[in-house]
Amino acid sequence: MEEGTKKIVMVVVILVCLIAAGTIYYINSSGGNSVPEVGEATVTIKCNSCGNEWQMDNREYLDYMITNQNRIGVVCPKCKKATGYSLKN
Ligand SMILES: [Zn+2]
């Protein structure tokens, strides 16, 4: 390989590395801020009447429980009975 061609290849390799690093940094910084941690923000509700399971926003669930003073469960979207309870508790 000629000396001149070698230099061009080196420059191209360095540029590709910089672009790759920049892209990875961009993806990491933008993704980390915009994507919420879904696993901690949701709660799994199970219906004691029909066995239906669904995901509910944790804050929404807590608000529901406070509003109803824990006396009744969450209304099941399948059988419409207020017998849905969090699997965590
Ligand atoms: Zn149900």
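Two strands count as paired if DSSP finds at least two bridges between them. The views below show a predicted model.

**View 1. The β1-β2 hairpin places V43 opposite M56.** Strand β1 spans residues 42-47, and strand β2 spans residues 53-57. The two run antiparallel. Five bridges join them. M56, which faces V43, belongs to β2.

**View 2. G51 has a positive phi in the hairpin of β1 and β2.** Five residues lie between the two strands. The phi of G51 is near 80 degrees.

**View 3. β1 also pairs with β3 through three bridges.** β1 and β3 run antiparallel. I45 has its bridge partner in β3. That partner is S86.

**View 4. Three strands form an open sheet in the order β2-β1-β3.** The pairing is antiparallel. β2 and β3 (84-86) are the edge strands, as each pairs on one side only. Neighbouring strands of the sheet are turned against each other by 40 degrees on average, direction ignored. Helix α3 packs on this sheet. The helix touches β1, β2 and β3. Its direction makes about 90 degrees with that of β2.

**View 5. L62 sits in helix α3.** The helix covers residues 58-67. Is L62 buried or exposed? Neither label fits: L62 is partly exposed, because 13 other C-beta atoms lie within 10 Å. A residue needs 20 or more such atoms to count as buried, and 12 or fewer to count as exposed. How far apart are the C-alpha atoms of L62 and V43? They are separated by 9.8 Å, with the two residues 19 apart along the chain.

**View 6. The protein chain combines three helices with three strands.** Along the sequence, the elements follow the pattern α-α-β-β-α-β. The chain has 89 residues, of which 8% count as buried. Which share of the contacts between residues at least 6 apart in sequence joins residues at least 24 apart? In this chain that share is 48%.

How values were computed: Residues numbered from 1 in each chain as written. Predicted model: local features only at pLDDT ≥ 70, side-chain atom pairs only at ≥ 80, totals over all residues. Helix = DSSP H or I, 4+ residues; strand = E, 2+ residues; numbered from the N terminus. Contact = placed C-beta atoms within 7 Å. Axes fitted to C-alpha atoms, helices over the stretch in contact; angles between N-to-C directions.
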